[in-house]
Every structure is written in C-alpha cells, then in structure tokens.
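Ready for a few exercises? Keep the viewer open, try each task yourself, and then walk through the solution.

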Amino acid sequence: MQSFAVWLENVPAHCDAFRSIVTELKERVNTEPVRITYREREQGEYRLFHFRSWSAEEYNAETIEWARAFVSLAVAEWVLRVKEPEVLEEIAADLLEAEALEEEWPFILPYVQRICQDQEEGGTDLLQATARKAAVYRKVFAFLEEERELNVLGFVRFRLQEHWNELFELVETGLDDYLEDKQYQEFVDLLRYFIAAQETKQEVVHVVPSVDKPFLLYDKHGQRLRLEQLDAVFSIGEQNSREEDYLVSALVTLAPERVVLHLVQDRPALIQTIHSIFDGKVMTCHSCSLCLAGRRALDGHKPTPL
C-alpha cells in the first residue's frame with residue numbers, strides 16, 4: 001500500500017476544483033492493476049486529501065510510480081486551473097497600476113490568454129501535456145519522491161518561483177502586444193481621417209514588388225510614379241525592415257481613389273494594413289499578365305506593362 005497526503009487551504013472553491021480534477025482523472029485514467037482511492041477531512045484551516053493505493057499484482061518498476069504520478073498530475077492541473085489565474089490577476093494588477101491601465105484590463109486579458117495558450121502546445125485538455133503543466137508536474141513528482149505529504153500553499157509559494165517568473169513575462173508580453181495594437185489602431189484611425197480630408201490625387205495606384213526596390217508604384221496608365229523621398233529611403237539597405245511603413249506613407253501622399261496590390265500573397269500583414277487604412281478602396285490582383293506569369297519583377301530600367 002502507498003499513501004500520499006495533499007493539504008489545501010480550506011477554501012471551498014479551491015477544494016471543489018481539486019475534488020473535481022481528481023474525479024475526472026479517476027474516470028479517464030485506467031490505473032489497473034493499481035487501485036487509487038482517497039478520503040478527505042477538514043483539519044483546522046486546511047482540508048486534507050488522503051490518497052491510498054493498492055495493487056492487485058506485485059508492483060513493478062512502472063506500477064510502483066502510478067499513485068505518485070496520479071497525485072502529481074492532479075496537483076499540477078489544479079495549479080494551472082485554479083492558482084495560475086489568481087496569480088495572473090495579482091501580477092497584472094501591479095503592472096497595470098504602474099502604467100495607469102487598470103480600467104483596460106478586460107481588453108488586455110485576451111492578449112495574455114492567447115499567449116498562454118500559444119505556450120500550451122497541446123491545448124487545455126486535462127490529459128494533454130503543456131510545457132507549463134509538465135514543469136509543475138515534474139516538480140511535484142520529484143517532491144513526492146522524498147515526501148509523502150504536500151502542503152500545496154507552501155509548495156506553490158516557495159517551489160514554483162520559476163513558474164511564476166515565466167507567467168510574469170507572459171503577462172508583460174501580452175501587455176506589450178496590447179499597447180502595440182492600440183498604437184497601431186490609433187495610427188490607422190489618424191491616417192484614415194487624414195485620407196478622408198484629402199482630395200484624390202490619383203485615380204488608381206498599382207503596387208508591385210520589384211527586383212531592385214521593395215515596391216514600385218504605377219498609375220492607371222502603367223506609368224511609373226516616382227517619389228524622391230521614397231526612392232531615397234528604399235535605397236538604404238538597413239531600412240528594409242520598415243519598407244512597408246514607407247509604402248503606406250507613399251500611398252497616403254498619393255491619395256488614390258483605388259489601390260491595386262499585385263503579387264503580395266506572401267505579405268498578409270501588408271494587405272491587412274493597407275485594407276485597414278484605405279478601407280473599401282483596396283483590391284488584390286491575381287489576373288493581370290504580371291500576376292499570371294508569377295513574376296516578382298519589374299526591372300526599373302525595363303518595366304513590364306501592367
């Protein structure tokens with residue numbers, strides 16, 4: 001017989017969640033020939049979950065660890081399902097107070113949740129491994145190799161500092177992503193307002209990738225549109241990472257009635273940005289001679305007709 005004791009703070013919601021997790025595990029995990037049972041009782045400010053296991057056969061190298069693995073998985077799942085959201089709220093409260101963004105937390109939370117889900121490669125199913133759950137599981141499993149009793153409050157406070165530091169970084173990243181998107185949207189709104197107030201200068205502007213420059217711009221007659229400041233920027237190699245920003249600036253300057261994007265299928269961010277700014281004025285071309293030929297082309301000295 002093996003036994004393990006798990007001590008939880010006697011908080012009804014915490015205990016109910018742990019009990020539910022244990023029930024789910026018992027229903028979904030076949031531990032035969034090992035049988036795992038548990039009893040619980042109140043003891044002061046804590047609630048004790050006392051696990052016992054028996055084997056219908058002689059224990060072997062595998063089955064001898066099943067009870068410890070079962071308890072470790074239950075605790076790890078509880079940490080991610082119950083304790084992690086509480087700690088996340090505490091971390092966020094401190095960061096948001098420093099940035100005076102307390103009222104924007106409902107809008108920031110989805111960013112943090114998305115990043116946490118991206119970290120969880122296997123999803124959120126109870127039996128699917130995730131990087132963070134696996135890390136907590138290993139720590140609990142190692143602890144129970146030496147100890148038969150686990151005080152969950154003390155364990156999460158003193159043994160999971162690395163886990164909480166990682167969560168802090170995820171919250172920071174989520175906040176940064178939110179602020180970046182917010183600034184982007186403010187920028188888009190400003191440009192849309194500016195464009196709406198401008199007179200149209202070009203009926204159509206064609207945007208085409210080029211061999212010697214990131215993009216070339218053409219009018220409705222297929223004539224090259226030249227902007228000296230844009231050409232100067234595009235000739236500077238170290239600025240290539242910002243080429244799309246300068247393209248947006250050029251289009252705003254030209255104030256077209258319609259924008260046609262050619263051969264930009266592999267630039268989804270660019271397509272989204274142009275659509276956001278110019279709203280219903282944008283179309284993506286797939287059927288002109290250039291697009292059908294699949295050319296990424298336009299040599300500046302021998303331009304291909306559109």
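**Exercise 1.** Work out whether Arg-19 is buried, partly exposed or exposed, and find its salt-bridge partner in strand E2.

*Solution.* Bear in mind that this is a predicted model.
- Start with the accessibility: Arg-19 has a relative accessible area of 25%. Buried would need under 20% and exposed over 50%, so Arg-19 is partly exposed.
- Next, look for the partner. Arg-19 forms a salt bridge with Glu-40, with the closest N and O atoms 2.8 Å apart.
- Now place the two: Arg-19 sits in helix H1 and Glu-40 in strand E2, 21 residues apart, so the pair links distant parts of the chain.
- Check the partner too: Glu-40 has a relative accessible area of 23%, which makes it partly exposed.
- Finally, widen the view. Arg-19 and Glu-40 belong to a network of salt bridges that also takes in Asp-16, Glu-42 and Arg-47.

As background, side chains of opposite charge can pair when their charged atoms come close.

**Exercise 2.** Find how many salt bridges the structure holds, then describe the one between Lys-182 and Glu-104.

*Solution.*
- The count is 13 salt bridges.
- In the pair you were asked about, the closest N and O atoms of Lys-182 and Glu-104 are 3.1 Å apart.
- Lys-182 belongs to helix H6 (residues 161-197), and Glu-104 to the loop between helix H2 (66-99) and helix H3 (105-119); 78 residues separate the two.
- As for accessibility, Lys-182 is at 32% and counts as partly exposed, whereas Glu-104 is at 17% and counts as buried.

**Exercise 3.** Locate the salt bridge between Glu-203 and Lys-220 and say where each residue lies.

*Solution.*
- The two side chains meet at 2.8 Å, N to O.
- Glu-203 is in strand E5 (residues 202-209), while Lys-220 is in the loop between strand E6 (215-218) and strand E7 (224-225).
- That puts them 17 residues apart.
- Glu-203 is partly exposed at 46% relative accessible area, and Lys-220 is partly exposed at 46% as well.

**Exercise 4.** Time for some backbone spotting: is the peptide bond from Glu-32 to Pro-33 cis or trans, and which sign does phi have at Leu-263 and at Asp-279?

*Solution.*
- Here's the background: most residues other than glycine have a negative phi, and most peptide bonds are trans.
- The bond from Glu-32 to Pro-33 has omega near 5°, so it is cis. Pro-33 itself lies in the loop between helix H1 (12-28) and strand E2 (34-43).
- Leu-263 has a positive phi, near 50°. You'll find Leu-263 in the loop between strand E8 (256-262) and helix H9 (268-278), and at 5% relative accessibility it counts as buried.
- Asp-279 also has a positive phi, of about 55°. Look for Asp-279 in the loop between H9 and strand E9 (282-285), where it is partly exposed with a relative accessible area of 48%.

**Exercise 5.** Describe the surroundings of Gln-2 in strand E1.

*Solution.*
- Gln-2 is part of strand E1, which covers residues 2-9.
- Its relative accessibility is 13%, so Gln-2 counts as buried.
- The Gln-2 side chain reaches the backbone oxygen of Ile-64 at 3.0 Å.
- Beyond its neighbours within four places in sequence, Gln-2 has contacts including Phe-51, Tyr-59, Ala-67 and Arg-148.

Note on methods. Residues are numbered from 1 along each chain as its sequence is written. This is a predicted model: local features need pLDDT of at least 70, side-chain atom pairs count only at pLDDT 80 or more; totals for chains, interfaces and linings use all residues. Side-chain values use heavy atoms; hydrogens and water are left out. Helices (H or I, at least four residues) and strands (E, at least two) are DSSP runs, numbered from the N terminus. Buried means under 20% relative accessible area, exposed over 50%, partly exposed in between (1.4 Å probe, protein chains only). A salt bridge is a side-chain nitrogen of Lys or Arg within 4 Å of a carboxyl oxygen of Asp or Glu. A polar contact is a pair of N or O atoms within 3.5 Å; within protein, one must be able to donate a hydrogen and the other to accept it, and residues adjacent in sequence count only if both atoms are side-chain atoms. Contact means heavy atoms within 4.5 Å.
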